[in-house]
Amino acid sequence: MGKTGRTERTAVNAGEVALCGLFTALMAVGAFIQIAIPLEPVPMHFTLQFYFALLAGFVLGKEKGSLSVLVYLVLGLCGVPVFASGGGPAYLIRPTFGFLLGFPAAAWLAGFLTERLPLKGLAGRIIAAAAGMAAYYLCGMVYFYGISNYFLQTPVSWYVVLVNCFLVTVVEDSVLCVLAAITAGQLVRIKNKISGM
């Protein structure tokens, strides 16, 4: 009985670690599925990373989902070229780094609200994804403004931040919110079925 219980716990833990690793890898893959947007003063990228960050929160929950995304960030900051434009600690002073910080925030909030909202199913996940998107954009926009104006001495107005960091991609990211909410329903069912085997 004791041995069987330990074996089952080990299998579950190994499965959870594998899933976390999978979502870390998907974040890296998502960085290279990108559309470059040539804006001034800093070019932007539309990628699928936000989609995978939301899925991590939905499928793994707030803690493991955000952890898998944080591992991705650590790998990139250590120099592994997993970000949209490479990697390394110098990324910290890029104005767009705030959006990378927004990924674990989005994953955590999506997972948290999915657990806590009284509204379940697709509608609840869409609301949770929208909240995750708000956190993602807030991190990105505030960081962009702060680094540009107070560290890089490249003055930008909040109008420029609003246009470059929000308006050019918010429609596409809203679509990703809906897609993530739909996909997550299927993935969670598959995960629960496998866990119950």
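## A nonpolar surface patch, the core and the loops

Leu67, Leu70, Val71, Leu75 and Val80 together make a nonpolar patch of about 380 Å² on the surface. The model described here is a predicted one. Within the patch, Leu75 is a good residue to look at, and its place is in helix α3. With a relative accessible area of 36%, Leu75 is partly exposed, because that class covers values between the 20% limit for buried residues and the 50% limit for exposed ones.

Leu75 also leads to helix α1, where Thr24 lies. Leaving out residues up to four places away in sequence, Thr24 touches Ser68, Val71, Tyr72 and Leu75. Two of these names, Val71 and Leu75, belong to the surface patch as well. Thr24 itself has a relative accessibility of 10% and so counts as buried.

From here the view can move to the interior. The largest nonpolar core has 53 residues, and those with the most contacts inside it are Phe50, Leu54, Phe58, Tyr72, Leu100 and Phe103. Many elements contribute to this core: at least two residues each come from the helices α1 (2–32), α2 (49–60), α3 (62–77), α4 (97–116), α5 (121–150), α6 (158–167) and α7 (170–195), and from the strand β2 (44–47). Leu100 offers a closer look at the contacts. Apart from residues up to four places away in sequence, Leu100 touches Gln49, Tyr72, Leu73, Phe83 and Tyr91. Tyr72, listed with Leu100 among the core residues with the most contacts, is also one of the residues that Thr24 touches.

The strand β2 has a partner. Strand β1 (residues 34–37) pairs with β2 in the antiparallel sense, over four bridges. One of the residues involved is Gln34, whose bridge partner in β2 is Thr47. The two strands are joined by a hairpin that runs through six residues.

The loop between β1 and β2 deserves a visit of its own. Pro41 lies in this loop, and a cis peptide bond with an omega of about 5° joins Glu40 and Pro41. As background, most peptide bonds are trans. Leu39 lies in the loop between β1 and β2 too, and at 18% relative accessibility Leu39 counts as buried. The contacts of Leu39, leaving aside neighbours within four places in sequence, are with Met44, Asn164 and Val168. Leu39 and Asn164 are 125 residues apart along the chain, yet their C-alpha atoms are separated by 7.0 Å.

Met44 appears again in the surroundings of Thr96. This threonine, Thr96, lies in the loop between α3 and α4 and touches Val42, Pro43, Met44 and Phe144, not counting residues up to four places away in sequence. With a relative accessibility of 16%, Thr96 counts as buried.

Another loop, the one between α5 and α6, contains Gln153. Although Gln153 is not a glycine, its phi is positive, at about 55°. For comparison, most residues other than glycine have a negative phi. Gln153 is exposed, with a relative accessible area of 59%.

Turning to charged side chains, the structure holds one salt bridge. In this salt bridge the side chains of Glu115 and Lys62 meet, with 3.1 Å from N to O. The pair links distant parts of the chain, as Glu115 sits in helix α4 and Lys62 in helix α3, 53 residues apart. The two partners fall into separate accessibility classes: Glu115 is partly exposed at 42% relative accessibility, whereas Lys62 is buried, with a relative accessible area of 17%. Helix α3 therefore carries Lys62 of the salt bridge as well as the partly exposed Leu75, which brings the tour back to the nonpolar surface patch where Leu75 was introduced.

Definitions and conventions: Residues are numbered from 1 along each chain as its sequence is written. This is a predicted model: local features need pLDDT of at least 70, side-chain atom pairs count only at pLDDT 80 or more; totals for chains, interfaces and linings use all residues. Side-chain values use heavy atoms; hydrogens and water are left out. A nonpolar core is a set of buried Ala, Val, Leu, Ile, Met, Phe, Trp, Tyr and Cys residues joined through side-chain atoms within 4.5 Å. Buried means under 20% relative accessible area, exposed over 50%, partly exposed in between (1.4 Å probe, protein chains only). Contact means heavy atoms within 4.5 Å. Two strands pair if DSSP finds at least two bridges between them. A salt bridge is a side-chain nitrogen of Lys or Arg within 4 Å of a carboxyl oxygen of Asp or Glu. Patches are made of residues with over 30% relative accessible area and no salt bridge: like charges are joined within 9 Å, nonpolar side chains (Val, Leu, Ile, Met, Phe, Trp, Tyr) within 5 Å. Accessible areas come from the Shrake-Rupley method with a 1.4 Å probe; for residues, only the protein chains shown count as cover.
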